[in-house]
Amino acid sequence: MVLVPIWECSKQFNIIIMKRHGNLFKKIIDLDNLHLAHRNARKGKSHYTDVKHVDGNVGHHLIELQKILRDKTFTTSPYTTKQIYEPKKRTIYKLPYYPDRIVHHAVMNVLQPLWDKTFIYDLYSAIPGKGIHAGSYRLRQFLRDHENTKYCLKFDVSKFYPSINHDILLDIIKKKIKCRDTIWLLEDIIRSTESNKNVPIGNYLSQYFSNLYLTPFDHWIKEDLGLEYYIRYCDDGVILHHDREHLKHVKDLIKEYFDSIELTLNPNTTITKVDHLGIDFLGYRCFRNYTLLRKSSARKFKKKIHYLETYNTDPQHTVNSVMSYLGWLRHCDSHNILSKYIYKNLVILEKMEQASFKLKIENPLRNYTCQNLQSTHKTLKLTQ
């Protein structure tokens, strides 16, 4: 069977990317843009040795960077890699701060606004103003339509980043960008791995490349298949519908579509009844009238609290751990778990006081109570 080329799969996508942009490279290598890229890339990393080296003579280093880009002697540096095993085994790639990370930020400063215009509204990964919590609230908004959200097709891509085909990705990019010099730079970055596949996890540009790779698919789902209740975060997607059989057909179509772009639909993809199981998505279990923390996240939270109770941890670690989980829990119905493990936990309360005293800061936990945390969650729900 001959499969339709990706850029022809969605009529709506062809309309959206009809305008192509040129003369972008001059903007990317402009010194003002490189200075902005350096400022953005160094945020939270000013203590790094590489960053300090550039900071020592910013003007000189950025002029040199501009020269190698203009002369096209720039090429992506060798990667260093490491393996992580949480939540699953993955290879993380790292590039030097100079020149690579600055270059990636310089590219994003110019191209991100153009790429953002091609995305569907319900794409939530790596986009300013979006993110995990916004995607979760959007899903809860969908669930208000009881009649048309009875069933959920939740899917993801097996080994997504390592499976992204460089030729297909570049074809998608060229549909929006006609500037040859910019294409040269993007192609150097994209083809920086050994094979014709793999967008390295850890690269600043990689999440946007992953967004772009499935953008024609997003429009195909939304406009061509007419599936209104669809959300995507990276390679994780949720589709809601009133008809289970129709979702079975959609699942087959998705598998066929993924085959055409050399991706593999996770064989564990299932269709569930929303009112029986809720939807486990983006760190939360969403039901029609309430939302809970994902079971695995709740287990990690309890384990972390037990660890903090048992051991004398670094004060900054204590404060960061507790407040990080509060940041997650404020977006769901968490009164019971917060009461038991934080607000009525005398050991944690005392350790937070001691840690704050040692750090010479006001205990941030004092700004939270179970009551105001839940009222914040209700307010957030009403504004979504």
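How many residues lie between S1 and S2 in the hairpin that they form? In this predicted model, the hairpin made by S1 and S2 has five residues between its two strands. Strand S1 covers residues 80–84 and strand S2 covers residues 90–94, and the two run antiparallel, joined by five bridges. Within this pairing, Thr-81 has Tyr-93 of S2 as its bridge partner.

A peptide bond of note is found in helix H6, which spans residues 97–116 and in which Pro-99 has its place. The bond that leads from Tyr-98 to Pro-99 is cis, and its omega angle is near 5 degrees. As background to this bond and to two backbone angles described further on, most residues other than glycine have a negative phi, and most peptide bonds are trans.

The next element to be considered is an open sheet of four strands, whose order is S4-S5-S3-S6 and whose pairing is antiparallel. Its edges are formed by strand S4, residues 230–233, and strand S6, residues 270–273, each of which pairs on one side only. On average, and with direction ignored, neighbouring strands of this sheet are turned by 20 degrees against each other. Inside the order given above, strand S3, residues 151–155, pairs with strand S5, residues 236–241, through five bridges in the antiparallel sense. One of the residues involved is Phe-155, for which the bridge partner in S5 is Gly-237. Helix H13 packs on this sheet and touches S3, S5 and S6, while the direction of the helix makes about 15 degrees with that of S3. For the reading of such strands in general, it is helpful to recall that in a regular strand the side chains alternate between the two faces of the sheet.

Two loops that adjoin strands of the four-stranded sheet each contain a residue with a backbone angle that deserves attention. In the loop between S3 and helix H8, the latter covering residues 160–163, Lys-159 has a positive phi of about 50 degrees although this residue is not a glycine. The relative accessible area of Lys-159 is 68%, and the residue is therefore classed as exposed, since the class begins over 50%. In the loop between S4 and S5, Cys-234 likewise is not a glycine and yet has a positive phi, here of about 60 degrees. Is Cys-234 buried or exposed? With a relative accessibility of 9%, Cys-234 counts as buried, because the limit for that class is under 20%.

Helix H13 also takes part in a packing of helices. In general, two packed helices are described by the angle between their axes and the distance between the axes. Helix H12, residues 215–224, and helix H13, residues 244–260, pack at an angle of about 155 degrees, and their axes are 12 Å apart. H12 is therefore roughly antiparallel to H13, since an angle over 145 degrees is counted in this way. The crossing in which H12 passes H13 is right-handed. On the side of H12 the contact is made by Pro-216, Phe-217, Trp-220 and Ile-221, and on the side of H13 by Leu-253, Ile-254, Tyr-257 and Phe-258. When the residues of this contact between H12 and H13 are sorted by class, eight are nonpolar, while none is polar and none is charged.

A further open sheet consists of three strands in the order S7-S8-S9, again with antiparallel pairing. The edge strands are S7, residues 279–281, and S9, residues 291–293, and each of them pairs on one side only. Neighbouring strands of this sheet are turned against each other by 25 degrees on average, with direction ignored. Strand S8, residues 284–286, and S9 pair in the antiparallel sense over three bridges, and Arg-285 stands opposite Leu-292 in S9.

A second helix pair is formed by H15, residues 295–310, and H16, residues 315–329, whose axes come within 11 Å and cross at roughly 155 degrees. The pair is therefore roughly antiparallel, and the crossing in which H15 passes H16 is left-handed. Among the residues that make the contact are Ser-297, Lys-300 and Phe-301 of H15, together with His-317, Thr-318 and Tyr-325 of H16. By class, the contact of H15 with H16 divides into five nonpolar, four polar and two charged residues.

Note on methods. Residues numbered from 1 in each chain as written. Predicted model: local features only at pLDDT ≥ 70, side-chain atom pairs only at ≥ 80, totals over all residues. Heavy atoms only, no water. Axes fitted to C-alpha atoms, helices over the stretch in contact; angles between N-to-C directions. Parallel < 35°, antiparallel > 145°, perpendicular 65-115°, else oblique. Left-handed = near helix turned anticlockwise from the far one by under 90°. Contact = heavy atoms within 4.5 Å. Nonpolar A, V, L, I, M, F, W, Y, C, P; charged D, E, K, R; others polar. Pairing = 2+ DSSP bridges. Buried < 20%, exposed > 50% of the residue type's maximum accessible area, 1.4 Å probe, protein only.
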